[in-house]
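Visitor: I am new to this structure and would like a close look at a single part. Please take me through it step by step, and explain the terms as they come up.

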Amino acid sequence: MTDTPSSESASPEILPPPGAEKIRCDACPVLCYIADGRTGACDRYANRHGELVRLDPLTIIKAGTDKLVPFLPEGAGGPDDWDGDVLGNGRTFVTAIGAGTTYPDYKPAPFIISQPLGGVDMVTVVTEGIFSYCGAKVKIDTDRHIGPERAFVRVAGEPIGHVTTGEYGSKMLSLGGVEHLTGGTKKEGRVTCEALLSLCNREPVEMSVDDGAELVITAGQAPIVNGVTEARMRVGCGSATIGMFAMQWHGLVDEVVVVDDHITGVLSEHQSGRLLGMEPSGIRIKGRRSTPGRYFQVADPGTDWGGTNVTDPLSILGPFDPRRARPGMTLLMVSTTGEQWAYFVLDEGLVPQPAPLPGPLHAVVERIAENCEPAVASVLFMGGAGGSLRAGVTQNPIALTRSVRDALTRVTCGGAPAYLWPGGGITFMVDVMDMPTNAFGSVPTPALVAPIEFTMSAADYAALGGHVDEVRDMADVIREAEAKGLRTVPNGTSRSASKRGKAA
């Protein structure tokens, strides 16, 4: 614990109480004064007998021992031959988790590590970045309406982001970013930072959408929408579902309607139905006809059939055309997850009457469900290696950017590969499920602390003006870390695949 200023009162001008024997932490802009035996405001650093220490252990990814298939034929080279992978997934890799920071980055990164790889001297620059502008992109596998596009997403009443575009059966959230972390009230910034930290560390976060749903989001687990745990990600839109199962329905039923919030499909009108030689059924769909067998806006968005507000599927149908429909004609209506379905037979007045679903048709409905992916909430951390962070790597920061752009330098986060955005700067995204657990921290400025590593050949590092005098041998770093506490993560098992269950 500490008497360090909170985020509300954080200021580099605050001085320690008179007579107190404290040291000043320079790991972030808060610049805490920490008494002996106490931690800073972030709980990441402490004063241990006058020495500033990083509390979380340095984390390494240990090479696996279960390699079974040699990459190269016998005689072509040894197992350490470099195949061009600058990260070297088969070697011990020091991540930036627990490495510490160098803020402000007038000095080299905490660890600049050399390691031979297949006869090539490689360098990995390891640091925990402080990200005041970062955010998270969240993909929620659900058909259900969670709120209108651009609606605020709130935690504890504070806006932390917004709903963005729906994509392929999933709802997307854009959370965090500079406007919420630093551009709003102090409480908004603090709540946003705490929510991002929990999401990135795979902890559940309760949130609400203005004029929308209550959500519980945990990275890698099924989303909870209005208290209901999602099980299935839809197999496709209504039109896609028609295309996927048209042949299996053909001959078993006269008409199929796949109800969907985006594109509702009608088998007999759809291209697949026409190619199968199906006759028009005389069905009439309430909605905007796009192309044959494809209808938009059949209902309002909701949490029922196919992500609509439809509870009675017949409500989207108009009267059947008596010139084409006939008594006894059969109709299957089903949602894009197979969770809702109904079967009807037209009576003498051409009115659909509920009837038991025949077994063969039931098997096709179950096949829709079988083809659904498990519903999962995915969290991608998004950050950028800004100017000062790059100074911890090289004396000429633009050289690092160019090296990354030229694919000479590989960017990873906690050992996980990062996706680099095109355009200027080093803006990246990483799936938090690919990273070791508890890889993120925070500081009360507010900002997230995330690991970032830059790996390149020693020659390229020297060429971009790197801090070559600070390069240390891997064995020395490991030896030193072991004395202070070292966390080892097996290679390739950081992703919690076991959490991604089967669709119910």
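Guide: The buried residues of helix 9 are covered by a set of elements including strand 5 (58-62), strand 6 (93-94), strand 7 (111-117), strand 33 (471-473) and strand 34 (486-490). Helices (H or I, at least four residues) and strands (E, at least two) are DSSP runs, numbered from the N terminus. Please keep in mind that this is a predicted model: local features need pLDDT of at least 70, side-chain atom pairs count only at pLDDT 80 or more, and totals for chains, interfaces and linings use all residues. Residues are numbered from 1 along each chain as its sequence is written, and side-chain values use heavy atoms, leaving out hydrogens and water.

Now find residues 474-484, which form helix 9. Met474, Val477, Ile478 and Ala481 are its buried residues. Looking down the axis, you will see these buried residues fall within an arc of 95 degrees, so they line one face of the helix. That arc is taken from the directions from the helix axis to the C-beta atoms. A general rule helps here: an α-helix has 3.6 residues a turn, so residues three or four places apart point the same way. Turn to the face directed away from the buried side, and you meet the exposed residues Arg479 and Ala483. Buried means under 20% relative accessible area and exposed over 50%, with partly exposed in between (1.4 Å probe, protein chains only).

The two ends deserve a look too. At the N-terminal end, aspartate 473 acts as a cap, with a side-chain oxygen 2.9 Å from the backbone nitrogen of alanine 475. After the helix comes glycine 485, with a positive phi near 115 degrees.

For another buried residue, visit glutamate 230, in the loop between strand 16 (228-229) and strand 17 (232-233). Its relative accessibility is 4%, so glutamate 230 counts as buried. The side chain of glutamate 230 is joined to that of arginine 144 by a polar contact of 2.5 Å. Such a contact is a pair of N or O atoms within 3.5 Å; within protein, one must be able to donate a hydrogen and the other to accept it, and residues adjacent in sequence count only if both atoms are side-chain atoms. Setting aside neighbours within four places in sequence, glutamate 230 is in contact (heavy atoms within 4.5 Å) with Asp141, Thr142, Arg144, Ala222, Pro223, Val225 and Ala375.
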